[in-house]
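Let's work through a few exercises together. Have your viewer ready, and try each task before you read its solution.

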Amino acid sequence: MNAIIQTQALTKTYGEKSKKPFTALSNLDLTVQEGEIMGFLGPNGAGKTTTIRVLLDFIRPTSGHATIFGKDVREHSVEIHRRIGYLPGELNLWKNETALNTIRYIGKMRGGVDMNYVNQLAEQLQFDVTKRIRNYSTGNKRKIGIILAMMNRPDVLILDEPTAGLDPLMQQVFNKLMLEFKAEGKTVFLSSHVLGEVQEICDRVAILRHGKLETVETVQNLTHVDFRWITITYREPVRIANELSAVKGVYDLSVTGNSVKFRMSGEFQPLLDVATHQYVVNMNIQEATLEEAFLAFYGDNGKSTESKQKSSVKKAERELEVVS
């Protein structure tokens with residue numbers, strides 16, 4: 001397969017000359033293949049948007065290298081942009097213009113647009129193009145962003161939190177659009193913290209933590225992390241909770257009446273030896289969700305520093321905007 005997006009040791013540090021420089025992205029090595037949907041996961045402040053802005057040459061890296069279509073993102077940014085559809089996390093458009101006029105204007109800037117295709121996208125997304133931008137809800141503003149990203153039939157979509165504000169029905173429509181886009185042999189690079197969305201449509205996911213790449217895995221592999229949720233229902237109230245808690249690999253045990261639920265890793269035989277000390281009516285085994293796998297990679301440390309990380313990135317980006 002052809003590599004569409006590649007980064008090598010990509011690093012972005014804000015305030016390098018200050019007393020407290022902040023590294024938002026550190027030595028990122030990532031490859032996105034042609035014809036795949038790659039999920040780029042991490043909480044707010046993990047470095048996802050910084051990565052996207054570097055790829056699009058909106059900001060320059062401190063060090064490292066990035067290419068799209070095999071071309072350097074700095075030297076060939078104009079050429080690359082012609083073949084990319086982009087949806088930013090925060091979409092700022094002309095509030096007093098209608099969506100239709102905005103689409104036509106941006107389409108003209110890009111050399112023309114097929115309005116039949118625009119109307120098709122709007123119909124699928126149940127989007128009224130006649131209203132002024134200021135009158136749209138958050139979800140509808142995401143819809144116009146999706147239309148603007150897709151309307152020129154790009155080779156690659158780079159989307160930053162594309163379904164924020166969309167209702168569940170529209171999220172399914174979005175998923176269908178992405179799968180159809182992929183079926184044409186095209187590529188999607190999708191930043192998100194909506195893990196269910198990634199689980200449904202992505203081929204692989206990259207997990208970013210505090211600006212560093214934790215892992216790149218297929219969705220299938222990531223959901224098969226080494227733990228499962230076990231629920232055992234007994235004929236009588238649970239009397240062996242302490243025995244079950246003592247089994248190697250059993251964590252987070254809770255009892256409700258005749259049922260006990262816990263997280264299990266490792267071999268099952270030691271569990272079965274203890275679990276059958278009471279009469280078992282039913283045993284349910286549930287694979288870890290992608291969200292649980294994600295949290296397993298992060299652990300408590302990821303939760304405790306998320307807010308601080310997000311604040312530092314926002315502050316650095318505001319300072320950058322003032323300078324520019």
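The exercises below go from strands to helices to cores.

This is a predicted model, in which local features need pLDDT of at least 70, side-chain atom pairs count only at pLDDT 80 or more, and totals for chains, interfaces and linings use all residues. Residues are numbered from 1 along each chain as its sequence is written, and side-chain values use heavy atoms, with hydrogens and water left out.

**Exercise 1. Trace the sheet that contains E3, and find its edge strands.**

Step 1: Strands here are DSSP runs of E with at least two residues, helices are runs of H or I with at least four, and both are numbered from the N terminus. Two strands pair if DSSP finds at least two bridges between them.

Step 2: Following the pairs gives an open sheet of 6 strands, E6-E7-E8-E3-E9-E10, with mixed pairing.

Step 3: E6 (84–87) and E10 (212–218) pair on one side only, and are the edge strands.

Step 4: Look at E3 (residues 37–41) and E8 (residues 187–192): they run parallel, joined by 5 bridges. Within this pair, Ser-192 of E8 is opposite Leu-41.

**Exercise 2. Place helix H1 against this sheet and describe its burial.**

Step 1: H1 (residues 48–55) touches E3, E6, E7 (156–160), E8 and E9 (204–209), where contact means heavy atoms within 4.5 Å.

Step 2: The direction of H1 makes about 145 degrees with that of E8. Axes are lines fitted to C-alpha atoms, for helices over the stretch in contact, and angles run from 0 to 180 degrees between N-to-C directions.

Step 3: Of the 8 residues in H1, 6 are buried, that is, under 20% relative accessible area (1.4 Å probe, protein chains only; exposed is over 50%, partly exposed in between). Among them are Ile-52, Val-54 and Leu-55.

Step 4: Just after H1, Asp-57 has a positive phi of about 65 degrees.

**Exercise 3. Find the residues that touch the most other members of the largest nonpolar core.**

Step 1: A nonpolar core is a set of buried Ala, Val, Leu, Ile, Met, Phe, Trp, Tyr and Cys residues joined through side-chain atoms within 4.5 Å.

Step 2: The largest has 49 residues, and Phe-127, Met-150, Leu-159 and Met-178 touch the most other members.

Step 3: Leaving out residues up to four places away in sequence, Met-150 touches Tyr-117, Leu-121, Leu-157, Leu-177, Met-178 and Phe-181.

Step 4: A separate second core has 29 residues, including Leu-28 and Phe-40.
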